[in-house]
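Me: I'd like to go through this structure with you, one feature at a time. Could you give me the general idea first and then the case here?

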Amino acid sequence: MSADDMLKSHAAALKEGTERARSAAQTLLNVPYGDGDREKLDVYIPSSPSLDLPLVIYLHGGYWQFLSKEESGFLAVPLVQKGAVVVAVGYETAPKGGMDLMVSQVRRSVVSVVQQYSHISGLYLCGHSAGAHLAAMILSTDWSEYSVTPQIKGAFLVSGIFDLLPVLSTHVNEQLKMTEEAAVRNSPSRLVAQLKQSSSDCDIVVAMAQNDSPDFRKQSEEYFKALESSGLKVTLEDVPNTDHFSIIEQFVCGDYHLTRLLLNMIGRS
């Protein structure tokens with residue numbers, strides 16, 4: 001398949017899973033967390049909610065320029081069945097949204113979720129590809145600049161990008177128009193000290209696909225090593241028989257390896 005066909009197939013698979021989730025769960029769609037057009041959340045709620053539910057925030061991938069929250073509810077299919085709330089975050093993709101704006105938006109989305117759902121038993125992040133980068137940036141936030149300090153218990157960083165400098169010379173940056181300075185300040189690999197200060201108690205899973213490209217695998221391996229050497233609670237998952245897209249698409253299945261790990265993490269196995 002061509003790259004364009006792969007992206008279309010990937011988006012279709014995620015959209016189908018999202019439609020299933022919207023049929024299976026109670027939903028609150030287009031909940032604003034800011035004034036921007038895409039600053040909205042979709043919330044997937046179990047049919048029998050209680051006051052101590054875990055909440056999983058999902059950040060979509062798409063090279064910071066494709067996809068949206070409309071394809072981001074697929075993760076809820078097995079999770080709501082086990083009593084977890086899932087929140088899919090919308091953010092402004094390139095070219096309209098620059099890297100600084102996207103990072104600011106996802107951080108503010110977490111603040112909004114914490115303010116609206118203060119009774120949850122635990123807050124968890126999951127992000128894929130560009131979304132894994134944004135999730136890692138959330139973990140690296142200096143929360144003293146915000147009105148709350150979210151207590152994030154766990155994070156799944158799936159096939160992510162953690163050093164943005166190599167992106168500068170790729171076609172992806174034609175839309176992002178990212179400068180070297182923006183790449184440096186938005187690279188989680190350069191913010192490990194801040195992550196240790198902000199999220200030292202967070203259980204972090206760095207997951208990569210067996211058939212991810214060498215560059216993607218290198219990004220995950222090096223970020224894992226940086227977190228591990230800083231004494232953080234982190235594990236590396238090399239998922240067999242997956243590629244950059246199937247590693248996240250299979251989260252629609254309750255018996256998928258990473259789904260089981262996530263359910264174990266949130267205490268809903």
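Reply: Sure, starting with accessibility: buried means under 20% relative accessible area, exposed over 50%, and partly exposed in between, using a 1.4 Å probe and protein chains only. Keep in mind that this is a predicted model, where local features need pLDDT of at least 70 and side-chain atom pairs count only at pLDDT 80 or more, while totals for chains, interfaces and linings use all residues. Residues are numbered from 1 along each chain as its sequence is written, and side-chain values use heavy atoms, with hydrogens and water left out.

Me: Is Arg-22 buried, exposed or partly exposed?

Reply: Arg-22 has a relative accessible area of 27%, so it is partly exposed.

Me: And how do I read a salt bridge? Which residue does Arg-22 pair with?

Reply: A salt bridge is a side-chain nitrogen of Lys or Arg within 4 Å of a carboxyl oxygen of Asp or Glu. Arg-22 makes one with Asp-42, with the closest N and O atoms 2.8 Å apart. The two sit in distant parts of the chain, 20 residues apart: Arg-22 in helix α1 (residues 3–24) and Asp-42 in strand β2. Helices (H or I, at least four residues) and strands (E, at least two) are DSSP runs, numbered from the N terminus.

Me: Is Asp-42 buried or exposed?

Reply: Asp-42 counts as buried because its relative accessibility is 0%. Asp-42 also meets the side chain of Lys-69 in a salt bridge, at 2.9 Å from N to O. Lys-69 lies in the loop between β3 (54–59) and α2 (76–81), so this pair ties strand β2 to a part 27 residues away in sequence. Lys-69 is buried too, at 6% relative accessible area.

Me: Which residues are joined into one network by salt bridges that share partners?

Reply: Arg-22, Asp-42, Lys-69 and Glu-70. The whole structure has nine salt bridges. Another one joins Asp-100 and Arg-185, whose closest N and O atoms are 2.7 Å apart. Because Asp-100 is in helix α3 and Arg-185 in helix α6 (residues 180–185), that pair ties together parts 85 residues apart in sequence. Asp-100 is partly exposed at 35%, and Arg-185 is partly exposed at 44%.

Me: What about a charged residue in a loop, say Glu-39?

Reply: Glu-39 is in the loop between β1 (26–32) and β2 (40–45), and at 7% relative accessibility it counts as buried. For polar contacts, look for N or O atoms within 3.5 Å; within protein, one must be able to donate a hydrogen and the other to accept it, and residues adjacent in sequence count only if both atoms are side-chain atoms. Here a polar side-chain atom of Glu-39 lies 3.1 Å from the backbone nitrogen of Asp-35. Contact more broadly means heavy atoms within 4.5 Å. Leaving aside residues up to four places away in sequence, Glu-39 touches several, including Tyr-33, Gln-105 and Arg-108.

Me: And the nonpolar core: which residues have the most contacts inside the largest one?

Reply: In soluble globular proteins, nonpolar side chains tend to be buried together. A nonpolar core is a set of buried Ala, Val, Leu, Ile, Met, Phe, Trp, Tyr and Cys residues joined through side-chain atoms within 4.5 Å. The largest has 59 residues, and Trp-64 and Leu-157 have the most contacts inside it. Helix α4 (residues 130–139) gives the most to this core, eight residues. A second, separate core of 33 residues includes Phe-156 and Phe-251.
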